[in-house]
Amino acid sequence: MVYATVSRGYKPGGSNLSQTPILVPVIYQPEHVTAFEVGSKNRFADNALQLNLAAYYYAYRNLQLQLDDPVPFQGGVGNVDKAEMYGLEAEGSALLPAGFRFDGTIGLEHGRILSHQLLLDGYEGNLAQLTTQAQGFGAFTPQTIAARAAAAKSAYGNSVPKLPGVTGNLTLYKTFDTASGSKLVSNFSAVYRGPFQPRVFNEPGIDRVPSYLIFDAGIQFKPAHSHWGLDIVVSNLTDKAGVSSRFVDAFSIASDANGRGVITQEYVPPRQLIATLRYSF
C-alpha cells in the first residue's frame with residue numbers, strides 16, 4: 001500500500017504572568033503545523049516479512065517555546081515565527097526459521113529554526129546582568145535591562161529542541177514450544193537514542209544531551225490449557241546512566257562564577273528486574 005497525507009493541527013495560545021516584557025509577549029500566539037507524509041506498507045513472503053516506510057515534512061508557524069526576556073522575571077512562553085522538521089522512518093518484522101522473529105524500527109529526523117527574530121538565552125542574559133550588578137546597578141535598572149537586551153541573538157539555523165537525529169529499536173524473539181503445548185518466548189532488545197538539543201539556543205557545553213544505548217531482555221511463559229502466565233523482564237541490563245532529558249533553570253542566576261544557572265538531568269531508569277504473574281478469568 002502506498003499513501004500520502006496532508007494535515008493541519010494547532011496548539012492553543014495563551015497568556016504569560018508578566019506585565020512589561022520586551023521580547024516575550026504577554027499574549028502568545030497559537031502554534032500551527034502543516035504536516036506532509038508519504039509512505040508505503042508492505043508484506044512479502046506470505047506475510048513472513050513486513051516493511052513500512054515513511055517520509056515526512058512538518059512546517060511550523062509560531063512554534064511555542066519557553067523564552068527569557070530582557071526585563072528580569074518577565075519570561076514565559078513565546079513564539080518562533082517559522083521552523084521545520086523532516087525525517088524518515090522505517091519499521092519491519094521478519095519471521096525467521098527455528099522460532100526466531102526480528103522486529104526493528106529506525107527514525108532519522110532533523111529540524112531547524114527558520115526565523116531571524118531575536119531571542120534571549122537566559123544564561124547570556126544572566127551573565128550580562130551579573131556584569132551590570134558588579135558595577136553597582138540593580139536588577140531592574142535601565143542599564144541592566146539594556147545589557148540583557150543586548151545579549152539577545154537570532155536562533156536561525158539552530159536545531160529544533162528535543163529532536164534526536166537518530167532513534168532505533170531492535171528486538172530478537174525466540175519461541176520455544178513444548179510437547180504439552182506450553183510456550184516460552186524470550187527476547188533481547190537494543191534501544192538507541194541519539195543526542196539532541198534541549199533548548200533552541202544550542203549553547204555549547206550546556207545544550208547537548210548525549211546519546212545512549214541500552215539493552216533489555218525478558219521471557220514470557222504461557223502454560224498450555226491454563227489461565228495464568230508469567231513474564232520476567234530485565235531492563236537496562238548494563239545499568240547505563242543514560243540521560244533522557246535536561247532542564248536548564250534560567251531563573252537560578254549567579255549559581256556559579258559564570259552566571260550559569262542550575263542544570264538538572266533526568267536519567268533512564270537503572271537496571272530493574274520486573275516479574276508479572278497474570279491470570280485471565
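# Notebook: a hairpin, a sheet, a helix and a pocket

**Entry 1, the hairpin.** I started at the hairpin of β4 and β5, where 4 residues lie between the strands and Ala-45 takes a positive phi near 50°. I am keeping in mind that this is a predicted model. Next I looked at how the two strands run: β4 and β5 pair in the antiparallel sense, over 13 bridges. As a sample position I picked Gly-39, which stands opposite Ala-54 in β5.

**Entry 2, the other side of β4.** Which strand besides β5 pairs with β4 (residues 31-44)? I found that β1 does, in the antiparallel sense and over 10 bridges. Here I noted Arg-8, whose bridge partner in β4 is Thr-34.

**Entry 3, the whole sheet.** Then I stepped back and followed the strands across. I reminded myself that strands of a sheet pair through backbone hydrogen bonds, either parallel or antiparallel. This one is an open sheet of 10 strands with antiparallel pairing, in the order β1-β4-β5-β6-β7-β10-β11-β12-β13-β16. Its edge strands are β1 (2-11) and β16 (272-279), and each of them pairs on one side only. I also looked up the angle: neighbouring strands of this sheet are turned by 15° against each other on average, with direction ignored.

**Entry 4, one more pair.** Further along the sheet I checked β10 (residues 166-177) and β11 (residues 183-193), which pair in the antiparallel sense over 11 bridges. Asn-169 has Val-191 in β11 as its bridge partner.

**Entry 5, a helix.** I moved on to α2 (residues 142-150) and asked which of its residues are buried. My list is Thr-144, Ile-145 and Arg-148. They cover an arc of only 100° around the axis, so they sit on the same side of α2. On the other side of α2, I found Pro-142 and Ala-150 exposed.

**Entry 6, the largest pocket.** Last, I went looking for empty space. How much space lies in the largest pocket? I wrote down about 590 Å³. The pocket is lined by 24 residues, and the closest to its centre are Gln-66, Lys-162, Pro-198, Arg-199 and Phe-247. Sorting the lining by type gave me 15 nonpolar, 4 polar and 5 charged residues. Both β5 (49-67) and β14 (243-248) supply at least two residues of this lining. The largest share comes from β5, with 5 residues. That brought me back to the strand I began with: β5 belongs to the hairpin with β4 and also helps to line the largest pocket.

Terms used: Residues are numbered from 1 along each chain as its sequence is written. This is a predicted model: local features need pLDDT of at least 70, side-chain atom pairs count only at pLDDT 80 or more; totals for chains, interfaces and linings use all residues. Side-chain values use heavy atoms; hydrogens and water are left out. On a 1 Å grid over the protein atoms alone, a cavity is a set of points where a 1.4 Å probe fits but cannot get out, and a pocket is an open set with protein on both sides within 12 Å along at least five of seven lines; lining residues have an atom within 4 Å of a point. Grid points are joined across faces, edges and corners, and a volume is the space filled by probe spheres set on the points. Ala, Val, Leu, Ile, Met, Phe, Trp, Tyr, Cys and Pro count as nonpolar, Asp, Glu, Lys and Arg as charged, and the others, Gly among them, as polar. Two strands pair if DSSP finds at least two bridges between them. Axes are lines fitted to C-alpha atoms, for helices over the stretch in contact, and angles run from 0 to 180 degrees between N-to-C directions. Buried means under 20% relative accessible area, exposed over 50%, partly exposed in between (1.4 Å probe, protein chains only). The arc is that of the directions from the helix axis to the C-beta atoms.
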